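Please open the structure in your viewer and keep the sequence panel beside it. The stops below each begin with a selection and then describe what is found there.

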Amino acid sequence: MSNDLLFDDDAPLFDEQDELFMLPETDQPAPRRQGWKVLVVDDEPEVHAMTAMVLADVTYQGRGIEMISAYSAGQARDILSQTPDLACILLDVVMETDDAGLQLVRFIRQQLGNHNSRIILRTGQPGQAPERDVIVDYDINDYKAKTELTSQKLFTSMIAALRSYDDILALEMSRAGLQKIIDASANLFQVRSMQSFSSGVLTQLSALLGVSVSGILCAQSGGVSQEPGPSDDLFILAGAGNYEHCSEQVSGQSLDPLILSTIRGVLASKANRYSDDHIALYIRTPNQREVVAYLHVHRPLGPLDEKLVEVFCGKVSVGFDNIWLYEQLKRAHEATVVALAGLAEYKDNDTGEHVLRVEQITSSTARSLRQMGAYESELTDVFLEQVGMAAILHDVGKVSIPDHILQKPGRLTAEEFTIMKEHAGSGGGILQRAARMVSGASYLSLGAEIASCHHERWDGNGYPRGLKGEDIPLSARIVAVADVYDALISARPYKAPWPFEEAIAYIRQGAGSQFDPLVVEAFMREIGAGNICV
């Protein structure tokens, strides 16, 4: 084989201006190096051989060329379908047909949707596919007649193609990373608890970097939920992977000293630290709270990774303050509920432990209902979060009942019972007036439903309004079962506690008449699972 090996019958690879390219003296083929994948599509074996020699010494960004050969457009289609990460395609026009290469371009761009791979069209018959028409009509990146494609020009074209492909990949990665940040931010800001939010930050960071979730999230000053201030204490908000057992702990109890030292170093320097196998990210919230995310990454991060991480941390820093404000508001609501329940307890000492048991039974029964798939539209996360605490307020209206009736040791007369029944409407009214000061669902609005309706009956024979079936709010239907059950098994001034079996039998018998049958079923499931005290 001579130095003027031809790409086609009359198109020399080199002209006199190029340095002579000498064939290797050994019969052993040059080893293929992993690197940028380049597909050569041409029906002439000599073209593949010479292209391989020219590309053997081409490197870009420290990576060589991994050349893949196809000798027909049909063979190229199979390779293209299985190899989406081709950096460049050197494509002949005339093969099985006069326009086989051009049709392959349409297949790549339109059918495969591959717009990243750079396509260099090269032909020995320019008249068969005029350059102007091809450039306008086909999505190619370069057009070369084989008569002009010398070794130096092939090298130049290849470096230009690889640079373009690398830039496209960087843009794609940046776009995908930013989309992940947007999606992650939207999902995280729907979370209402610090623990869930912190776990979500770890998960989303891992997804952003394409690594497995293994890391911890620490906060200074005993936790983000507390007021900011100088402190040596570190609190682990969340752990994932190897650190899952560390969640909600003081860090000194379980952290590796080296990790602890890294986290303290980040807090001291107020700057991110990047290592080959881990990263430690400094997150400072607008309200001056400090958080460190420590993750194992198992690979060095590139500049783009670091930029995306910094953007993500800037987004989530606001989330920590939002969660803190939400938790403060939630605590204020809970304090209001406890204070109102305390008024009823002050008038009726028997209600103290009773309301706490009703809270637990109500929460368990509501969760069981959702597991059963019942009342899906009503059993939202907010409902499940609030209904137990709201149940504490079910008897708050007893503050309006005279002491001689409320604390009477014996059975009430018909007249006294009529007065006692007024506590439902009275409690509902008190809570409704308070709930109007808070927009949306709250402990107070849910408590108003419960207080006014927990004595309604499924068959419509309850009080104060005689509501029937699903016209009774679901919250009140759940509390009705919890309230009656606990009242039956508890000692009161006017009665001894019922045996457990009799109380359960009474609840079962009331399904479909006094109680919602599905609520009774959910309640019995929780009894059977041991989730309700007996």
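In this tour, buried means under 20% relative accessible area, exposed means over 50%, and partly exposed is what falls in between. Keep in mind throughout that the model is predicted.

Start by selecting Glu-378, which sits in the loop between α9 (351-372) and α10 (381-391). Because its relative accessibility is 34%, Glu-378 counts as partly exposed. Add Glu-449, Glu-470 and Asp-471 to the selection, and you have the negative surface patch that these residues form together with Glu-378.

Stay in the loop between α9 and α10 and select Tyr-375. Although Tyr-375 is not a glycine, its phi is positive, at about 50°. Is Tyr-375 buried or exposed? With a relative accessibility of 13%, Tyr-375 counts as buried.

A second positive phi in a residue other than glycine, near 55°, belongs to Lys-270, which is found in the loop between α7 (257-269) and β11 (273-274). Lys-270 counts as partly exposed, at 44% relative accessibility, and a network of salt bridges links Lys-270 with Arg-284 and Glu-290.

For another backbone feature, select Tyr-463 and Pro-464, which are joined by a cis peptide bond with omega of about 10°. Pro-464 lies in the loop between α14 (443-453) and α15 (474-489). As background to these backbone stops, most residues other than glycine have a negative phi, and most peptide bonds are trans.

Next, turn to the largest nonpolar core, which has 34 residues; those touching the most other members are Leu-369, Leu-379, Phe-383, Leu-474, Tyr-485, Ile-507 and Phe-523. Two or more residues come from each of α9, α10, α14, α15, α16 (500-510) and α17 (517-528), and α15 supplies the largest share, eight residues.

Finish with the charged pairs, beginning with Asp-486 and Arg-357, whose salt bridge has its closest N and O atoms 2.5 Å apart. This pair links distant parts of the chain, since Asp-486 is in helix α15 and Arg-357 in helix α9, 129 residues apart. Asp-486 is buried, with a relative accessible area of 0%, whereas Arg-357 counts as partly exposed at 26%.

Then select Arg-477 and Asp-516, which form a salt bridge with the closest N and O atoms 2.9 Å apart. Arg-477 lies in helix α15 and Asp-516 in the loop between α16 and α17, so the pair ties together parts that are 39 residues apart in sequence. Both Arg-477 and Asp-516 are buried.

Key. Residues are numbered from 1 along each chain as its sequence is written. This is a predicted model: local features need pLDDT of at least 70, side-chain atom pairs count only at pLDDT 80 or more; totals for chains, interfaces and linings use all residues. Side-chain values use heavy atoms; hydrogens and water are left out. Patches are made of residues with over 30% relative accessible area and no salt bridge: like charges are joined within 9 Å, nonpolar side chains (Val, Leu, Ile, Met, Phe, Trp, Tyr) within 5 Å. Accessible areas come from the Shrake-Rupley method with a 1.4 Å probe; for residues, only the protein chains shown count as cover. A salt bridge is a side-chain nitrogen of Lys or Arg within 4 Å of a carboxyl oxygen of Asp or Glu. Lys and Arg count as positive and Asp and Glu as negative; His and the chain ends are not counted. The place of a charge is taken as NZ of Lys, CZ of Arg, CG of Asp or CD of Glu. Helices (H or I, at least four residues) and strands (E, at least two) are DSSP runs, numbered from the N terminus. Buried means under 20% relative accessible area, exposed over 50%, partly exposed in between (1.4 Å probe, protein chains only). A nonpolar core is a set of buried Ala, Val, Leu, Ile, Met, Phe, Trp, Tyr and Cys residues joined through side-chain atoms within 4.5 Å.
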